[in-house]
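Got the viewer open? Let's take a walk through this one, stop by stop, with something to select at each.

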Amino acid sequence: SECDWIEIFDYLGHQVQLLARSGEPVEEVWAQEDSEAPMPLIKPIIYKGQSNIIYGQKGVNKSTLAYFLGACLYAPWGDNSLDLQVGKDSIKSLVLDWETDKKTFEYYLSRMKKGMPDMPAFSLFYRQCRLPLAEEVEAIEQYINETGAELLIIDSLAAAAGGEQGELKGSQSALQFNAALRKLGKTSLIIAQTSKDDSNRKTVYGSVMFTYYARNIFELSRADEEDSDVLHLGLFHRECNFDRRSPPIGIEITFDDANRSLSIKRESLSVSEFMEKVSVSVKILNCLKGGAKDTSEVAEEIGTKLDYTRVVMN
C-alpha cells in the first residue's frame, strides 16, 4: 500500500517539536562525600565545563594570553613560561573571532612561536564570526563535532552577545548568550571588555548578568608605565564559584619589533604598581615587607581607616 508521506512528515515534525520543548529530564541527585570538584584545565584560569572570563582594557593583550593558554593545552605544555599547572591530556581549542580576521590571527600565533623557541608545536582551530553566538549555535556545533574541540575561545563577549552598546546593558543579550553557551556544552574562555566607570576596580562591560553566569573571572591589567618594549601585566582573580580566589599573577611580555615576535613569561608582581587593584590584606602584607609597623602606621601608609585596618590585620 502507498504511504501518506504528508501525514508521516506532519507526525515527525510534531514529535520533534515536543522533544525540543520538553528540555532535559528530571534527575534525582544524592549528596555524596566523594563527588568530584570541577576540574581545572589550566589552574587557576580555565575550569573544564565552565564559563571562564578574562576581561581588561584595550591594549593589555587579552587575545595573546588566550591564544597562549590554547597552546599550553594543545601540547600539553607542562613546563610553560607562565608556570601554570596544565593537565596531561592534549586539548584542542576553537577560536571564535568577532574582532579580527584569519590573517591577523595567524600573525598573533607566528610572533609567539618566533619569540619563544621552547614553545612546542601547536595549532588552534579558527572561525571568523559575524552573527551573534545565539544565531550560529547549530553551525558552531557542527564545527565542534568536526574538529573535536573541547575549549571555545570567544573573542570577544560584546560582539558575541550580539547587542549594541545600549542592549548589552540589559539582561536579554546576556541571557541569550549564556543559553547558547549551555547548548554548546563546552568549556569556554571568554575575552571581555571593562566597564566604562572611573573606579579603579573595573568590572565586565555590559549587564551584570554576564558576571553572574560566569563561574571563573580574571581581570588583566597593565602597570602604569611609559611605552616600551616590555609590558608588565597583573592577572587578578575576581570571582570563582567553586574554589578560593588565587593570588595575583605577574606577567611580562617582551616585544621584538625587528623580528616581529614576542615572548611571555611569569614575573613577580609588583604590588606598588597595582596598588589600586589588590585587596587590603595584600596591601598590608606588602607594607609589612619593609619591617614591623603598628596598626596606625599601616593604615596611614595604605590609605585605609584605622578601625578597618585593625579588623583585616586581626
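**Stop 1: strand E7 and its neighbours**

Bear in mind as you click around that this is a predicted model. Start by selecting E7 together with strand E8 (residues 187–192): the two pair in the parallel sense, over five bridges. To see one spot along that pairing, pick leucine 152, which stands opposite serine 188 in E8.

Now add strand E5 (residues 93–97). E5 runs parallel to E7 too, and five bridges join them. Leucine 152 turns up again here, as the bridge partner of leucine 94.

Next, show the side chains of E7 itself. Leu151, Ile153 and Asp155 point one way, while Leu152 and Ile154 point the other way, and all are buried. Why call E7 largely enclosed by the rest of the structure? Buried means under 20% relative accessible area, and five of the five residues of E7 (151–155) are buried, so the strand counts as largely enclosed.

**Stop 2: the largest pocket**

Switch on a surface and look for the largest pocket, which holds about 470 Å³ of space. To find it, select Lys58, Gly59, Lys62, Ser63 and Glu99: of the 19 lining residues, these are the closest to its centre.

Which helices should you colour here, as suppliers of at least two lining residues each? Try helix H2 (62–74) and helix H3 (102–115). H2 gives the largest share of the lining, four residues. If you colour the lining by class, expect four nonpolar, 10 polar and five charged residues.

**Stop 3: the salt bridges**

The count for this model is four salt bridges. Here are some to click through.

Select arginine 127 and glutamate 136. Their side chains meet in a salt bridge at 2.7 Å, N to O, and both residues are buried.

Then go to glutamate 138 and lysine 183, where the salt bridge is 3.2 Å, N to O. This pair links distant parts of the chain: glutamate 138 sits in helix H4 (residues 137–147) and lysine 183 in helix H7 (residues 171–184), 45 residues apart. Are these two buried or partly exposed? Glutamate 138 is partly exposed, with a relative accessible area of 48%, and lysine 183 is partly exposed at 47%.

Last, select arginine 238 and glutamate 219, whose side chains meet in a salt bridge at 2.9 Å, N to O. Here the link is between strand E10 (residues 230–240), home of arginine 238, and strand E9 (residues 216–222), home of glutamate 219, with the two residues 19 apart along the chain. Both arginine 238 and glutamate 219 are buried.

How values were computed:
Residues are numbered from 1 along each chain as its sequence is written. This is a predicted model: local features need pLDDT of at least 70, side-chain atom pairs count only at pLDDT 80 or more; totals for chains, interfaces and linings use all residues. Side-chain values use heavy atoms; hydrogens and water are left out. On a 1 Å grid over the protein atoms alone, a cavity is a set of points where a 1.4 Å probe fits but cannot get out, and a pocket is an open set with protein on both sides within 12 Å along at least five of seven lines; lining residues have an atom within 4 Å of a point. Grid points are joined across faces, edges and corners, and a volume is the space filled by probe spheres set on the points. Ala, Val, Leu, Ile, Met, Phe, Trp, Tyr, Cys and Pro count as nonpolar, Asp, Glu, Lys and Arg as charged, and the others, Gly among them, as polar. Buried means under 20% relative accessible area, exposed over 50%, partly exposed in between (1.4 Å probe, protein chains only). Two strands pair if DSSP finds at least two bridges between them.
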